[in-house]
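This report looks at selected elements of a single model, beginning with a pocket and then turning to secondary structure.

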Amino acid sequence: MLFVTTEMTDFVKAGGLGDVSAALPRAVARHHDVRVLIPGYPNVLAVVGKSMRMVGKTRGYHKLPACQIAEATLSDGLGVLVLCNADLYEREGSPYADASGHGWADNDIRFATLSYAAAEIALKHAHMSWQPDLLHLNDWPCALATHYLDGESEAVPTVLTIHNLAYQGVFPASAAAHIGLSARRRIDHDRHGRISFLHEGIAKATYLSTVSECYAKQITEPPCGCGLDVLLRKRASEGRLTGIVNGIDHSWDPQHDPALRIPFAIGEWDKRHENTQQLRDELGLRQQDGPLFAVISRMVQQKGVDLIYEAAPQIIAAGGQLALIGRGDPAIEHSIARLPRRFPGRVVAHIGFEEGLARRMFAGADFLLMPSRYEPCGLSQMYAQAYGCLPVAHATGGLIDTIEDGITGLLFRDATVSELRRCLQRAFRVFAEPLLLNAMRGAAMLEKHGWDVPGRQYATLYSRILLKRPSDPSAQSAPPVREKDVYAHL
């Protein structure tokens, strides 16, 4: 199986996809032969450049350039294929944008090339001795592989995972000729003179998954369907859409986390309190008895950070403190940066990201605020639970699937300031009752959010698809993967 991605935490990370791409292939490798395909960004070449060897190549196609394919083996045995083209991928910045945050003007070419390379590898056109029997594609940058495979006699099945439906890879219709769509089978989607990579992938993938059960249901209806709900309802009615909740890796363990000065386990609440005191010192917050609320998030509208800005005065007036870390929309960053000046010693904001500090915030804060307007899965709430930090979250997507209201965190129904404020009142009441607070902390820390179960679920999905190849009509109605089915098939 070839796992195709644009991020992998081993090398480069722009969001949660990087964590998933590092963990899921390793979890699935216990059941299937897995390799990862990733573009040859500078950080990738810096890590594996000396050990990789050239194993294949792709031809140019329309304006998609020819590429070399290199292979490297990571220290734990995971095989990585690197798509090498200096002009496309050896740039400073994120996988998607330059250092100032502006998306690369040729992202249609860059990611169509990645999709085309994945298809060429699968079709045995890349001059490689190894070929996959299935492609696992991730989000819009990989989605066009389904188009390049469409109608080919030796096409392999595809699984397309939607990590966030809001990002669809939309480009002018004129891009179609540049990336070879008009010369092959006609692309089916033309929205207001534009084409969508993700729409094409959703329409043509053998099977679709997304990153939580609740989100898989939500995207088949407006407003979470982002204009694709009709197509997604169709695919769901065919039995081709399922939700599998992401996991978190084993490093998120407060007993063995080197980022913490004082490790702790369930029940060691005095040690956890020492982490809180040390975090206040590190951040320049006053030592006080009230609760400490953390925000560890991208500073974007989706995450509801503007709601936190509106609710901050209530937190401070009730005796709480607020610590924020993250970056994103410049306007939201600017608003958040004003809060510490307004509430010195009681609010701190770090515009940027540093993982060690984020881990200490999970270990020291009492509550994590996640008022996301929508959240396909979310990882921060699971990190927080592992460290006994209770999430306060909007009841949507993966937050519903991973937080039990009143037991492992607190949920509120609508993403509004008034609903968030009411839930904050609940949080203050919980904090005022130490027995309840510690019972909830213990329940949260007992939650098992590892990758073993998701790995088995995906392994079962792959096996089902491979047993029902596209030439078999019954492949069109493979049922969704459920936990009871996973154990039944292992």
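A pocket is here an open set of points on a 1 Å grid over the protein atoms alone, with protein on both sides within 12 Å along at least five of seven lines. In this predicted model, the second largest pocket holds about 790 Å³ of space. Its lining comprises 34 residues, and those closest to its centre are Ile248, Asp249, His250, Ser251 and Gly450. By class, the lining of the second largest pocket divides into 17 nonpolar, six polar and eleven charged residues. Helix H1 gives the largest share of this lining, five residues, while the helices that each supply at least two lining residues are set out below.

| Helix | Residues |
|---|---|
| H1 | 16-28 |
| H14 | 355-364 |
| H15 | 380-386 |
| H18 | 434-446 |
| H19 | 452-467 |

Strand S13 (residues 321-326) and strand S14 (residues 347-351) run parallel and are joined by five bridges, with leucine 322 having valine 347 of S14 as its bridge partner. Between these strands the chain passes from S13 through helix H13 (residues 330-342) to S14, in a β-α-β crossover that is right-handed.

How far apart are the end C-alpha atoms of helix H4? They are 23 Å apart, which agrees with the 22 Å that the 16 residues of helix H4 (residues 107-122) should span, because a rise of 1.5 Å a residue is expected. H4 is also mostly covered, as 16 of its 16 residues are buried, and just after H4 lysine 124 adopts a positive phi of about 65 degrees.

How values were computed. Residues are numbered from 1 along each chain as its sequence is written. This is a predicted model: local features need pLDDT of at least 70, side-chain atom pairs count only at pLDDT 80 or more; totals for chains, interfaces and linings use all residues. Side-chain values use heavy atoms; hydrogens and water are left out. Helices (H or I, at least four residues) and strands (E, at least two) are DSSP runs, numbered from the N terminus. The expected span of a helix is 1.5 Å times one less than its number of residues. Buried means under 20% relative accessible area, exposed over 50%, partly exposed in between (1.4 Å probe, protein chains only). Two strands pair if DSSP finds at least two bridges between them. A crossover is right-handed if, with the strands pointing away from the viewer, the path from the first strand over the helix to the second runs clockwise. On a 1 Å grid over the protein atoms alone, a cavity is a set of points where a 1.4 Å probe fits but cannot get out, and a pocket is an open set with protein on both sides within 12 Å along at least five of seven lines; lining residues have an atom within 4 Å of a point. Grid points are joined across faces, edges and corners, and a volume is the space filled by probe spheres set on the points. Ala, Val, Leu, Ile, Met, Phe, Trp, Tyr, Cys and Pro count as nonpolar, Asp, Glu, Lys and Arg as charged, and the others, Gly among them, as polar.
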